[in-house]
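Me: I have a structure to go through and could use some help. Can we take it piece by piece?
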Amino acid sequence: MKPSSRSVHEERRWSAELPTTQSDLCMSLTVWRKSLVMSCNGFTVINSDGNVVYRVETYMGQRPKELVLMDGVGKSILTMRRNKNLRIFLDTWFIYGGEIGAHCISTKRSEEQPIFYVKKCINILHNNPNVLAYVYRGRSTDEKYVYMIEGSYSHRSCKVVNEAKKVVAEIKRKDAIIGGVSFGVEVFMLIVEAGFDPGLAMALVLLLDQMFS
């Protein structure tokens, strides 16, 4: 495995608009629930060419307040910050473009406002038990969600669908067995459809892992 020499996010600014990818093809990524850095929690994401395209490294234990998604060479792409204003069982996160500082929550500069808001679905309050989370633009949930995540993360079987119910990304088990040992749930596939940003798809995987692991 080697870091990708050029990130799909290079020289691209995030906005609250519908994310797009620079590729016109469906992308298949292998997600390994392990950091390549010693004594560190995280994820390593590998493309079909064997290049490391995304990395996550956390040093703060199993329930961090912030996660940073990096490309293969360590450049920050997205920052996910837990919403401190809600009770713990209402697990909600803000997603920001790039890497943010501790001052960003209080600033009014548009480039440091969250681009997405992800809210865990409480099944006892919802008539569809398959729904895991909703994704909204910006900071507010006043408007209709732009993406819905359904399925079972513990079984690594999830779909991200848009407002038109079209699947834009999918988490699947990696079924291959090597030497008689199954990959289990620590290694799985992330399938990203054309037109959907793979970085955002991976960010949603990270949040599902926080909400349901």
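Reply: Yes, starting with a term: contact means heavy atoms within 4.5 Å. Keep in mind that this is a predicted model.

Me: OK. Which residues is Ser35 in contact with, leaving aside its neighbours within four places in sequence?
Reply: Cys40, Asn41, Gly42, Phe43, Thr44, Val56 and Glu57.

Me: And where is Ser35 found?
Reply: Ser35 sits in the loop between strand E2 (27-32) and strand E3 (41-46).

Me: Is Ser35 buried or exposed?
Reply: Buried. The cut-off is under 20% relative accessible area, and Ser35 counts as buried because its relative accessibility is 6%.

Me: What lies 3.0 Å from a polar atom of the Ser35 side chain?
Reply: The backbone nitrogen of Val37.

Me: Back to E3. In what sense do E3 and E4 pair?
Reply: The antiparallel sense, over six bridges. E3 and E4 form a hairpin with four residues between them. In the turn, Gly50 has a positive phi of about 85°.

Me: Which residue stands opposite Glu57 in E4?
Reply: Gly42. Both Gly42 and Glu57 are also among the contacts of Ser35.

Me: What else does E4 pair with?
Reply: Strand E5 (residues 66-71), in the antiparallel sense, over two bridges. There, Arg55 stands opposite Met70 in E5.

Me: Why is E4 described as largely enclosed by the rest of the structure?
Reply: Because seven of the eight residues of strand E4 (residues 51-58) are buried.

Me: Let's zoom out. How many helices and strands does the protein chain have?
Reply: One helix and 15 strands. The chain has 213 residues, and 48% of them count as buried. Its accessible surface comes to about 11400 Å², with 52% of that belonging to carbon and sulfur atoms.

Me: How many of the contacts join residues at least 24 apart?
Reply: 41%, among contacts between residues at least 6 apart in sequence.

Me: New topic, the nonpolar core. How many residues are in the largest one?
Reply: There are 43 residues in the largest nonpolar core. Those with the most contacts inside it are Met80, Ile95, Tyr147, Ile149, Tyr153, Leu190 and Met202. Helix H1 (residues 198-212) gives the most to this core, with 10 residues. Apart from this core lies another, of 11 residues, among them Ile100, Tyr134, Tyr136 and Met148.

Me: Any general background on that?
Reply: In soluble globular proteins, nonpolar side chains tend to be buried together.

Me: What does Ile95 touch?
Reply: Not counting residues up to four places away in sequence, Ile95 touches Leu78, Thr79, Met80, Pro114, Ile115, Phe116, Val118, Leu200, Ala203, Leu204 and Leu207.

Me: And Tyr96, which strand is that in?
Reply: Strand E7 (residues 92-97). Tyr96 counts as buried because its relative accessibility is 1%. Tyr96 and Ile77 are 19 residues apart in sequence, and 8.8 Å apart in space from C-alpha to C-alpha.

Me: Switching to cysteines. How many disulfides are there in the whole structure?
Reply: Zero. As for single cysteines, Cys26 counts as partly exposed, at 45% relative accessibility. Cys121 is buried, with a relative accessible area of 8%.

Me: How far apart are Cys26 and Val168?
Reply: 142 residues in sequence, but 9.6 Å in space, C-alpha to C-alpha.

Me: Where is Val168, and what is it in contact with?
Reply: Val168 is in strand E12 (residues 167-173). Leaving aside neighbours within four places in sequence, Val168 is in contact with Tyr147, Val160, Asn162, Ile191, Val192, Glu193 and Phe196. Tyr147 is also one of the residues with the most contacts inside the largest core. Val168 counts as buried, at 9% relative accessibility.

Me: Last thing: phi angles. What is the phi of Arg156?
Reply: Positive, about 55°, although Arg156 is not a glycine. Arg156 is found in the loop between strand E10 (147-152) and strand E11 (157-162). Arg156 counts as buried because its relative accessibility is 4%.

Me: And what about Lys165?
Reply: Lys165 has a positive phi of about 70°, and Lys165 is not a glycine. Lys165 is in the loop between E11 and E12.

Conventions. Residues are numbered from 1 along each chain as its sequence is written. This is a predicted model: local features need pLDDT of at least 70, side-chain atom pairs count only at pLDDT 80 or more; totals for chains, interfaces and linings use all residues. Side-chain values use heavy atoms; hydrogens and water are left out. Buried means under 20% relative accessible area, exposed over 50%, partly exposed in between (1.4 Å probe, protein chains only). A polar contact is a pair of N or O atoms within 3.5 Å; within protein, one must be able to donate a hydrogen and the other to accept it, and residues adjacent in sequence count only if both atoms are side-chain atoms. A nonpolar core is a set of buried Ala, Val, Leu, Ile, Met, Phe, Trp, Tyr and Cys residues joined through side-chain atoms within 4.5 Å. A disulfide is a pair of cysteine sulfur atoms within 2.5 Å. Two strands pair if DSSP finds at least two bridges between them. Accessible areas come from the Shrake-Rupley method with a 1.4 Å probe; for residues, only the protein chains shown count as cover.
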